[in-house]
Amino acid sequence: MTKLSVIYYSSTGTLHAMAKRLAEAGEKAGAEVRLRQVPELAPAEAIASNAAWSQHFDATKNEPKATADDVVWADAVLFGTPTRYGNVASQLKQFIDTLGPQWAQGLLADKVYAGFTASMTAHGGQESTLLALYNTVHHFGGLVVAPGYTDPLKFADGNPYGVSHVTGGSNDAPLGDAQLAALDHLAERVVKIAGKLSA
């Protein structure tokens, strides 16, 4: 059975919803799945300044937290991050930066990786965030399995680099059919390719 880890950071819930959908799709594709949130790093006053952030933090504070073993264990890893100035959020980056010992032992290589993200605006750095994330995967010796245009549904969501969502000016637009289909496709694709590699 292919082992899939979905490791993400979410401040107000969008990436959390995307991660849950990926985990469900991975299980439907036959994988054993670990859904893991990385720890929050922001100071309490920053979280308290945003009602949605504060509510999401309280609602998910007891969810399983990501460890290095969740990456080592997996055949495939899906990393999720909101875009921060066109880059990976510091919370996910900090987790990745703790993986040096595993990287040095070659334990992060030869796995399938892909990413997912969200931003408030349509050109808010989604593609650059995913490309920045994949810089790390190259250093791992991992295999980027982006969705490309491997299914007609990708012409609806329009992101060949991974999966992304625009949350809108109020930062709360729900995932639509195009995004849900794209998330399902990404999970199915990485599970299939990881399974072939494992075989």
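## Charge and surface

In this predicted model, the protein chain carries 15 positive and 19 negative side chains, and the centres of these two sets lie 4 Å apart. The accessible surface of the protein chain amounts to about 9100 Å², and carbon and sulfur atoms contribute 53% of that area.

## Overall fold

The protein chain contains 9 helices and 7 strands, and its C-alpha atoms occupy a box of roughly 50 × 40 × 25 Å when the principal axes are used as the frame. A compact globule of 199 residues would have a radius of gyration near 16 Å, and because the protein chain has 16 Å, the value agrees with that expectation.

Of the 199 residues in the protein chain, 48% are buried. Among the contacts in the protein chain with a separation of 6 or more, 77% are made by residues 24 or more positions apart.

## The surroundings of T60

Within this fold, T60 offers a local example. T60 belongs to helix α3, which covers residues 51–60, and T60 has a relative accessible area of 5%, so it counts as buried, the cut-off for that term being under 20%.

Once the neighbours within four places in sequence are left aside, the residues in contact with T60 are H16, Q37 and K65. T60 can also be placed relative to S10: the two residues are separated by 50 residues in sequence, while their C-alpha atoms are 9.6 Å apart in space.

Notes
Residues are numbered from 1 along each chain as its sequence is written. This is a predicted model: local features need pLDDT of at least 70, side-chain atom pairs count only at pLDDT 80 or more; totals for chains, interfaces and linings use all residues. Side-chain values use heavy atoms; hydrogens and water are left out. Helices (H or I, at least four residues) and strands (E, at least two) are DSSP runs, numbered from the N terminus. The radius of gyration is taken over C-alpha atoms; the globule rule is 2.2 Å times the number of residues to the power 0.38. Buried means under 20% relative accessible area, exposed over 50%, partly exposed in between (1.4 Å probe, protein chains only). Contact means heavy atoms within 4.5 Å. Accessible areas come from the Shrake-Rupley method with a 1.4 Å probe; for residues, only the protein chains shown count as cover. Lys and Arg count as positive and Asp and Glu as negative; His and the chain ends are not counted. The place of a charge is taken as NZ of Lys, CZ of Arg, CG of Asp or CD of Glu.
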